[in-house]
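Here's a quick briefing to read with the model open in your viewer. It goes through the spaces in the fold first, then a few strands and helices.

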Amino acid sequence: MTKKAIVFLSFIGLICSFVLINRLQVKNFTVFNPVNPKQIQEVKSNLVEAEELEFTALLCNETRVPFDEHTNTFFVPLNMDEEQWEKVEFVSGQPEYQILFEEDVTDQSKQELIAENTKVKLLVFDQQFWSEYYITFTGLPIIDLATNEGFYAAEEITGTAVFYDTDFTIHGAQQSQYNGHIRGNTSRMFPKKGYKINLIKTNSDGLAELNKLSLFGMRNDDDWILHALYNDDTKIRDRLSMAVWDAMGAKTVSENSYYGPKMTYVEVFADNSYCGLYGLMEPVDAKQLNLAEEDYLYKRKDSGGLNYENFNESKDPYEIVNGFEIKAGKMTSDAWKPIAELALLTYSSDEAYNFYIDERADIDNATRLWLFLQLITGHDHTAKNVFYVAKYEEDDYKFYFAPWDLDLTWGSVSVGEVNSVYTAFEKSVVDDRIYWETGNKIMEMNCDNAVEKMQALYSDLRNSTLADENLEKIIAELDYEVRFSGAFTRDRERWPKGVHANDTSELIWYAKERMKFLDTALYDFSLFGD
């Protein structure tokens, strides 16, 4: 055979190999754990079946994956947006045990397996016993916590956290020590707890120091919040509100600042137990707001400090302002002075307010937040859940505002002890007005033509983000994340006494009806209900 013929045949062979590989990939043949029915039958025939074994360590691409000991299920996050299977290979992480797959998952649709919360059977055995385990593929990142105290046993927890993104099969997982504590007011009474988590590491001197990590495409930081999402039946109200605020106000204050929270969905495990669907959040803090050393961040907790009966001209401006806490800024003798002066101005005469407000507060930012609270029907923001940001500008402080805690929105309201989640969906609030003092007074007095500017902004938004079809699209995309990842189903199974809507139809109805109402009410405030 001539050299040309050999080269030609080699070339043809390469092409055939390339075509074959592509066809196999199209068929999702990238999981390298072959099924051996004969060996499975031998194991089951020659060994004794056990309800469970002491097997808790399954490795996927050399990385140990989370395990739920209550269902004998291992969890593997994958990219739910791609039809193609990732290249994954499973091996036992405990040498005394071997594993065999009982079915070829590559013959099935990855996206359907994820969306339907399918459990893939896995045979685990040693020299005497065999038992059936499972693998579940999820479309969301996972946070796996090992605690020293028990996840639900103590107010404060410490331990080690492992963070699995949906591309961990390629890049591996991140790990950190942490300390944390239960967070929330009403929400801390729920059986599913939310946590504030601080990442730490041990330095060369054996001392703990902050450990900043960028998690799941979010900011590089040590300070994180796990939002339990327990009392929102759709699990998407926070993210829907954030999407609207992102489009209209979060990025309008200053360069390199973000005036609001950010959140991504995750599933949480603790101590080999599945804990449910959570929102991993970047807190609103000095870093998020890009504050200077001399600036202050005040968190509104209740109505206290801005109530006239609790605050008047005779109050010492250096005293603590009830209803607020200082989250950032130097604790000097005049740390409370900026917020005290804003409170005094709020209840001054209309003439004084109109004269000084543009020096004391950014009217554009306040107008945007007032409109935002009307859009989402933020009842929980009338006396709390707003950050007051005092920035030192031109020899004095000027206030900017940022929202926080966005679950009681879009028709979801607090109802006290009426039910176990203290929350209900009320269609009747679709025409309510949200009374946030600063924005409300600016609107009523039309400071710096705020009303006209608000109406122009609303008109622009109504033709873009707030158009009915766009609102429905945002809701559908968020619903896709929580449901087609399988997480919504798993959360409902884990927390059957929580609230889980069958679909988003009520939320879509409310969003559209609220916009329809605001189409007229924002031009005639008398149409608002109480």
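Strand β17 gives the largest pocket four of its lining residues, the largest share of that lining. Keep in mind that this is a predicted model. The pocket itself holds about 980 Å³ of space, and 47 residues line it.

**The largest pocket**
- If you want to centre a view on the pocket, the residues closest to its centre are R183, G184, K299, W404 and D405.
- Five elements give two or more residues to the lining: β12 (174-183), β13 (194-202), β17 (223-227), β20 (296-300) and β21 (324-328).
- What's the chemical mix of the lining? It divides into 19 nonpolar, 16 charged and 12 polar residues.

**The largest cavity**
- With a floor of 30 Å³, the count comes to one cavity, and its volume is about 50 Å³.
- Its lining is made up of I143, L145, A161, F163, I197, L199, L215, W224, L226 and L280.
- Sorted by class, that's 10 nonpolar residues, with no polar and no charged ones.
- At least two lining residues come from each of β10 (142-147), β11 (156-164), β13 and β17.
- So β13 and β17 turn up twice here: they each give two or more residues to the pocket lining and at least two to the cavity lining.

**Strand β8 and its partners**
- Is β8 (residues 119-125) enclosed or open? Five of its seven residues are buried, so the strand is largely enclosed by the rest of the structure.
- β8 pairs with β7 (residues 98-101) in the antiparallel sense, over four bridges; Q98 has F125 of β8 as its bridge partner.
- β8 also pairs with β9 (residues 129-138), again antiparallel, over seven bridges, and K119 has T136 of β9 as its bridge partner.
- β8 and β9 make a hairpin, with three residues between the two strands.
- As background, strands of a sheet pair through backbone hydrogen bonds, either parallel or antiparallel.

**The four-stranded sheet**
- Four strands form an open, antiparallel sheet in the order β21-β20-β22-β23.
- Why is one side of β21 and of β23 (396-403) left without a neighbour in the sheet? Both stand at the edges with a single partner strand each, so there's nothing in the sheet on the other side.
- From one strand to the next, the twist averages 30 degrees.
- β20 and β21 are joined by four bridges in the antiparallel sense, and Y298 stands opposite I326 in β21.
- Helix α9 (residues 363-376) packs on this sheet, touching β22 (386-393) and β23, and its direction makes about 20 degrees with that of β23.
- There's a link back to the pocket too: β20 and β21 are among the elements that give two or more residues to its lining.

**Helix α10**
- How many of the nine residues of α10 (residues 437-445) are buried? Seven are, which leaves the helix mostly covered.
- The buried ones are E437, T438, G439, N440, K441, I442 and M443, and that list includes the charged residues E437 and K441.
- N446 follows α10, and its phi is positive, near 50 degrees.

Notes
Residues numbered from 1 in each chain as written. Predicted model: local features only at pLDDT ≥ 70, side-chain atom pairs only at ≥ 80, totals over all residues. Heavy atoms only, no water. 1 Å grid on protein atoms, 1.4 Å probe; cavity = no way out; pocket = protein on both sides within 12 Å on 5 of 7 lines; lining within 4 Å. Points joined across faces, edges and corners; volume = space filled by probe spheres on them. Buried < 20%, exposed > 50% of the residue type's maximum accessible area, 1.4 Å probe, protein only. Pairing = 2+ DSSP bridges. Axes fitted to C-alpha atoms, helices over the stretch in contact; angles between N-to-C directions. Contact = heavy atoms within 4.5 Å.
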